[in-house]
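Q: Please take a close look at one part of this model, the second largest cavity, and at the charged residue in its lining. Please then set that residue beside the salt bridges found elsewhere in the structure.

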Amino acid sequence: MEEKMTTSAGAADPAERKERRVHTGWRFVILFLLIFAMLNGFLTLALCDDVQMRVLIRKAAENTAEDVIIGTSMARAGVDPDTVSKVTGKSCANYSIPMSGPMDQYYLIRLMTEHGQAPKRVIYDVDPTYCDRDDGINHYYAYPLGAVRLQYYCAGLKYNWHVTISPWSLKTDNLSRMGEILSKKLEYLKTPDAYQDYRGFDPVAGSYVYIAQDNSDFSVTKEADYWLRKMASYCKEHGIELILMEMPVGKQVYYDYNANYRQSADAYFQSLAEDCGVTLWNMNELPTSVFDSDTSQYADGFGHLSEQALRPSQ
């Protein structure tokens, strides 16, 4: 009897031991997730050099402009919103974010519409080189908390889950600049209003250098086509005029080095514009007197306009 009592009092029964193991396992999982989230957040903060992007996203969330330019580095380097305003007589903002594809642009339009004010017109620099690949990065982590950010995150998980979870994974080449980036980011987070003069227009200094380019036919991905059509549908539902704009890349690039690719891209965008009932501006069709084959108007072989082309009087 005494032996039975000792055994009973000194050892937990199997059900209790199992329950303890379950609790320990859950505590380990929660601890791991907390450590991962903290480390992941720190690396995103320290490796993603994105202060200018954060400024533009904040401005987009508070949008009051009638005309909005969106797109990638082509529009950031080539469209001055102040000049557009002088020509049209309407307020204009440039929220172009390099390394962003159609899905990213769709959520930027939604951010303006649901957080700030829907623009009357969106002019989208639809760069074909961001429509024929699936290896882009999304920027949900710089968005304000809310439904748009959550939906953007979930969409990113579907198309590129590892980059969505860890945005810094594409920025490991910035490891040597971690201290500089972190310092700049903390300064911005401390005084964000000090950066509000940035207008999203950033002319490129440089000179044309030949760069070999793929001259095969353009082929849009299913994902890009889906988001472009979804963007057109969303704009129509919210009374926003959507214009797809192909930025000029220079006739030497357009006709000599990249002709098959560019012309098949033109055909796709023209068909898309007709299907969706939107306007397409192909700036490569401008008269030669405006954008001729003079490569001095371009800052590099990819077709980014140079400061000289944008400010010829200087």
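A: The account below begins with the cavity, turns to its charged residue, and ends with the salt bridges.

The model is predicted. A search of the whole structure finds four cavities of 30 Å³ or more, and the second largest of them has a volume of about 50 Å³. Its lining consists of Ile57, Ile97, Ser100, Asp104, Gln105, Leu108, His139, Tyr143 and Tyr152. Sorted by class, these are five nonpolar residues, three polar residues and one charged residue. Helix H6, which spans residues 102-115, gives the most to this lining, with three residues.

Asp104, one of the lining residues, belongs to helix H6. Asp104 is buried and yet has no salt bridge. The nearest side chain of opposite charge is that of Arg133, at 9.2 Å. Because a salt bridge requires a side-chain nitrogen of Lys or Arg within 4 Å of a carboxyl oxygen of Asp or Glu, the 9.2 Å separation from Arg133 does not qualify. A polar atom of the Asp104 side chain does, however, lie 2.6 Å from the backbone nitrogen of Gly101.

In general, side chains of opposite charge can pair when their charged atoms come close. The whole structure contains 13 salt bridges. In one of them, the side chains of Arg121 and Asp67 meet with an N to O distance of 2.8 Å. This pair links distant parts of the chain, since Arg121 is in strand S3 (residues 121-125) and Asp67 is in strand S1 (residues 67-70), 54 residues apart. Both Arg121 and Asp67 are buried.

A further salt bridge joins Arg199 to Asp80, with the closest N and O atoms 3.0 Å apart. Here the partners are 119 residues apart: Arg199 sits in the loop between helix H8 (178-190) and helix H9 (222-237), and Asp80 in the loop between helix H4 (73-78) and helix H5 (81-88). Arg199 counts as partly exposed because its relative accessibility is 31%, whereas Asp80, at 18%, counts as buried.

The side chains of Arg229 and Asp275 also meet in a salt bridge, at 3.4 Å from N to O. Arg229 lies in helix H9 and Asp275 in helix H11 (residues 259-276), so this pair ties together parts that are 46 residues apart in sequence. Arg229 is partly exposed, with a relative accessible area of 31%, and Asp275 is exposed, with 52%.

Finally, Asp49, Arg177, Glu180 and Lys184 are linked in a network of salt bridges.

Technical notes: Residues numbered from 1 in each chain as written. Predicted model: local features only at pLDDT ≥ 70, side-chain atom pairs only at ≥ 80, totals over all residues. Heavy atoms only, no water. 1 Å grid on protein atoms, 1.4 Å probe; cavity = no way out; pocket = protein on both sides within 12 Å on 5 of 7 lines; lining within 4 Å. Points joined across faces, edges and corners; volume = space filled by probe spheres on them. Helix = DSSP H or I, 4+ residues; strand = E, 2+ residues; numbered from the N terminus. Nonpolar A, V, L, I, M, F, W, Y, C, P; charged D, E, K, R; others polar. Buried < 20%, exposed > 50% of the residue type's maximum accessible area, 1.4 Å probe, protein only. Lys, Arg positive; Asp, Glu negative; His and termini not counted. Polar contact = N/O pair within 3.5 Å; in protein donor to acceptor, adjacent residues only side chain to side chain.
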